[in-house]
Amino acid sequence: MGLGQKTFYASYGISSEKVNRVEKDRVNSNTLTLEHQRLIMIGGKGGVGKTTTAAAIALWLSRHGGKILILSSDPAPSLSDIFETPLKDIPTPIPMIPGLFGMEISSREVLRRWKECFGPEIYEVISSFARVDYDFVDYIGSAPGIEEEYLLNYIMELVQSGSYDRVVWDTAPAGHTLRLLQLPGIFLEHLEAATKFYMNLYSTFDKLKASAKLQKGKRTLLQIISGWRELSQRVIELIQDKRNVAVLVVTIPEALGVKQTERILAEFDESNLQVNALIVNNVIERADCDFHQHRQSMQRRYWRVIKEVYEHRFPILTVPLSANEIKGLSQIEMFAQLLFERGSIW
Ligand SMILES: Nc1ncnc2c1ncn2[C@@H]1O[C@H](COP(=O)(O)OP(=O)(O)O)[C@@H](O)[C@H]1O
Ligand SMILES: [Mg+2]
């Protein structure tokens, strides 16, 4: 190993001795195995093949029986393109694949549902001590965290509804999904603090003091907020339960892929989400020209880094770079076979 290579691995905190050990263990015949988790979450940065992986998993699962829902919460979803069928905000059957349904959730729809579910309750309590229009509910809905909070809630509702045997979730690129796991709670704390503040303020005026309390028999705003908090806690516990949820992270063997994966995994750890497998996509298996040989040796260096850092934590699989883009059923099927049957050859 040359000095340049040593420096390369050292920059990832890996000794050359370790790299040699990994190098000997080139053949990795891992295939993807999923247990019986009801929700399969696919994370990773944009452009690494998340949607393709989610589509392949959903197709594979539906081919093996059961009713499967694939959903995307990416603000720029591409499920419709990959399945070559228009998908909407509601589960829609995917033609030619019995048992497979797809949906693309927009933030507008999430907020609409949130408003439908909580709007009247919020309006009722707030209007009891402050003069506000119903539009105020929209204002609350625009608070940071609301959308993420309710998206999680909504997805867990779909999972628990029993309408589908399994739900495959093509998450939004990294930042969004992570925010989603960290924000719930923050918003509620703000709302609670603000409510206490206003209630104190109003209670200094005798007349308003009476109206700050809700009619008899009704819950106070603080009770309602604490109800939301419990709901949000339940959703977080469900998503952290390994028996319910499988978490797959997709990456590519390139500098940006390695860096982003490091960040995503650290944040998943922080959110107590346990990763079931790491999928390294776009690997060049056969290099029959200078260009590809060069790229392949670059990829192998990152592959070794990935392997050294993560192989003791979860299985690492590879999927080769195809000459074609992955679009339409037969391509998705091929991708699924690589993942579930052939396994990695690196
Ligand atoms: N193994 C692969 N070989 C060739 N093309 C791929 C492979 N995986 C993904 N692609 C292509 O790369 C592009 C991005 O993939 P996509 O799944 O949409 O990424 P993401 O959802 O992470 O943004 C798509 O055009 C897809 O067809
Ligand atoms: Mg995508």
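## Sheet

Eight strands make up an open sheet with mixed pairing, in the order 3-4-2-5-1-6-7-8. Strand 3 (92-93) and strand 8 (316-320) are at the edges, and each has a single partner strand, so one side of each has no neighbour in the sheet. The model described here is predicted.

Inside the sheet, strand 1 pairs with strand 5 (residues 166-170) in the parallel sense, over four bridges. Met41 has Trp169 of strand 5 as its bridge partner. Helix 13 (residues 290-310) lies across strand 7 and strand 8, and runs at about 175° to strand 7.

## Chain overview

The chain contains 14 helices and eight strands. It has 346 residues, of which 36% count as buried. Among contacts in the chain with a separation of 6 or more, 75% are between residues 24 or more positions apart.

## Nonpolar core

The largest nonpolar core holds 73 residues. Ala55, Ala58 and Ile70 have the most contacts inside this core. Which residues does Ala55 contact, leaving aside its neighbours within four places in sequence? They are Ile70, Leu79, Ile82, Phe83 and Ile332. Ile70 thus appears both among the residues with the most contacts inside the core and among the contacts of Ala55.

## Leu32

Leu32 is in the loop between helix 2 (16-24) and strand 1 (39-43). Is Leu32 buried or exposed? Leu32 counts as buried because it has 23 C-beta neighbours inside 10 Å, where the cut-off for a buried residue is 20 or more.

Not counting residues up to four places away in sequence, Leu32 touches Ala277, Leu317, Leu339 and Phe340. Phe340 is 308 residues from Leu32 along the chain, yet the C-alpha atoms of the two are separated by 4.9 Å. Of the other residues that Leu32 touches, Ala277 falls within the range of strand 7 (275-283) and Leu317 within that of strand 8 (316-320).

## Surroundings of ligand 1

There are 17 residues around ligand 1, and those that come nearest are Gly49, Lys50, Thr51, Thr52 and Ser322. Helix 3 (50-63) and strand 7 (275-283) are the elements that give two or more residues to this shell. The largest share, three residues, comes from helix 3.

By class, the shell around ligand 1 consists of 10 polar, four nonpolar and three charged residues. Helix 3 (50-63), which contributes to this shell, also spans the positions of Ala55 and Ala58, two of the residues with the most contacts inside the largest nonpolar core.

Methods
Residues numbered from 1 in each chain as written. Chains lettered and ligands numbered in written order. Predicted model: local features only at pLDDT ≥ 70, side-chain atom pairs only at ≥ 80, totals over all residues. Core = buried A, V, L, I, M, F, W, Y, C linked by C-beta atoms within 7 Å. Buried ≥ 20, exposed ≤ 12 C-beta atoms within 10 Å, placed from the backbone. Contact = placed C-beta atoms within 7 Å. Near = placed C-beta within 6 Å. Nonpolar A, V, L, I, M, F, W, Y, C, P; charged D, E, K, R; others polar. Pairing = 2+ DSSP bridges. Axes fitted to C-alpha atoms, helices over the stretch in contact; angles between N-to-C directions.
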